[in-house]
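Here's a quick tour of charges, cysteines and a couple of backbone oddities. Have the sequence and the 3D view open as you read.

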Amino acid sequence: MYMNGDIPNVSIIMPVYNSERFVASAIQSVLDQKYTDFELIIVDDGSSDGSGEICRNYEQTDNRVRYIHKENGGVCSARNLGISLVRGRYLTFIDNDDIYYDNYLSKLMEKITSDGSDLVKCGRINVTITDEQKEKKKKKCTFKNCDYTYRDFICNYLSLKRSGILSSVWNGIYDVRIIKENGLVFREDIRHGNEDIIFNLEYYRCCKKISVIEDVLYCHYYRLKHSTSVKFYKDQVTFQLKAINMEIEMVKQYCDSETVQLLQLDGIRNCFRILSQHKLFSDKKELIGEICSNLDMDCLYKNGIVKNGSISSEGKIDLVLIKYKLYFIYFLGRKIRSKLNL
């Protein structure tokens, strides 16, 4: 690691868990960055495969790498340990099976240091990998270059969210002082998704300026065997509901009722989309009740879904089926779409 009191400008946190097949590529993509003034904090969350040995070898060969092993506690506890150890002025993240493009840090650092932004988000590409390790599909998520005051960011939140750039922490760079001064951490009771969204929502509240650059700088892999994000857990719905209600309260500050309703409709659809991954309909019925009791389902009737130009055709079909409680048809349609890779 850095010697003689040298302090890196950027800290990068990489949680690692049983990723021996992919972690070397992830680490190498960090070490190959054009911008070199960083420390990579690798937090091994109790891996039982060869991940630890791979990470230790990198620590021995590059003084920018710091390796820490801990008992398994989940990605949030690993990130929180990493946050407690950061020395950089700025902070960013990477998952243990993803890739930085070589200008990831240089582009983000150029932006955050040049105009005093509290957060800079960039574009990403999502790549789905089948069980046979073949690419199934690619999806680019990006948004036009823009600098926002906090109020302008909230007013544009729906469009930004729909672009796909706000759902994660690893396609952006954060100000460590904001995190430390406000005691921001990842919720460790969240084990299966939505931890990034909730952390981001708490961070936004502390920002005066948020910037977006449209460059696609991060490659995220959905590995159908490896990723927790493509498996179903009941608490995914619970924490998705919490995130949606946090978003609604935030947006109510500056947005009109139509925007709030559209955000609610997107939230309802997201919850049912998560639910469609579960096989047992008896469990789905229980969770449908949780969704209906925690979200304002009246927005399904207040908003002209079919005529609304800001809702996609697929979204309209989903919402109409949910509105009339045609759940079996809805879940069957999601299953067929998934098989046809639509």
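## A positive patch

Strand S7, residues 135–141, supplies the largest share of the positive patch, with three residues. This is a predicted model, so keep that in mind throughout. The patch itself sits on the surface, where Lys-136, Lys-137, Lys-139 and Arg-273 gather their positive charge.

Take Lys-137, which has its place in strand S7. How exposed is Lys-137? Its relative accessible area is 40%, so Lys-137 counts as partly exposed. That clears one bar for joining a patch, because patch residues need over 30% relative accessible area and no salt bridge.

## Salt bridges across the chain

Now for charges that do find a partner. Side chains of opposite charge can pair when their charged atoms come close. How many salt bridges does the structure hold? The count is 26.

One of them joins Arg-66 to Glu-39, with 2.9 Å between the closest N and O atoms. Here distant parts of the chain are linked: Arg-66 belongs to strand S3 (residues 65–70) and Glu-39 to strand S2 (residues 38–45), and the two are 27 residues apart. Are these partners buried or exposed? Arg-66 is buried, and Glu-39 is buried too.

Another salt bridge brings together the side chains of Asp-147 and Lys-111, again 2.9 Å from N to O. This pair also links distant parts of the chain, with Asp-147 in strand S8 (residues 146–149), Lys-111 in helix H4 (residues 104–114), and their positions 36 residues apart. The two ends fall into separate classes: Asp-147 is partly exposed at a relative accessible area of 38%, while Lys-111 has 19% and is buried. Lys-111 gets that label because buried means under 20%.

## A local pair and a network

Lys-252 and Glu-249 form a salt bridge through their side chains, at 3.5 Å from N to O. With a relative accessible area of 46%, Lys-252 is partly exposed.

Then there's a network of salt bridges, and it links Arg-269, Glu-314, Asp-318, Arg-334 and Arg-337.

## Cysteines without bonds

A disulfide is a covalent bond between the sulfur atoms of two cysteines. How many disulfides does the count come to? Zero. Cys-55 is in no disulfide, and its nearest cysteine sulfur, in Cys-76, is 19 Å away. Cys-55 is also buried, at a relative accessible area of 0%.

What about Cys-219? Its closest cysteine sulfur belongs to Cys-141, and the 11 Å separation is too far for a bond, because a disulfide needs the two sulfur atoms within 2.5 Å. Cys-219 counts as buried as well, at 4% relative accessibility.

## Two positive phi angles

Asn-194 is not a glycine, yet it has a positive phi of about 85°. You'll find Asn-194 in the loop between helix H7 (176–181) and helix H8 (195–204). Asn-194 counts as buried, with 12% relative accessibility.

Lys-325 is another residue other than glycine with a positive phi, this one near 60°. Where is Lys-325 placed? Look in the loop between helix H13 (313–323) and helix H14 (327–339). Lys-325 counts as exposed, at 58% relative accessibility.

Terms used:
Residues numbered from 1 in each chain as written. Predicted model: local features only at pLDDT ≥ 70, side-chain atom pairs only at ≥ 80, totals over all residues. Heavy atoms only, no water. Patch = residues over 30% accessible without salt bridge, like charges linked within 9 Å, V, L, I, M, F, W, Y side chains within 5 Å. Areas by Shrake-Rupley, 256 points an atom, 1.4 Å probe, with all protein chains shown as cover. Salt bridge = Lys/Arg side-chain N within 4 Å of Asp/Glu carboxyl O. Lys, Arg positive; Asp, Glu negative; His and termini not counted. Charge placed at Lys NZ, Arg CZ, Asp CG, Glu CD. Helix = DSSP H or I, 4+ residues; strand = E, 2+ residues; numbered from the N terminus. Buried < 20%, exposed > 50% of the residue type's maximum accessible area, 1.4 Å probe, protein only.
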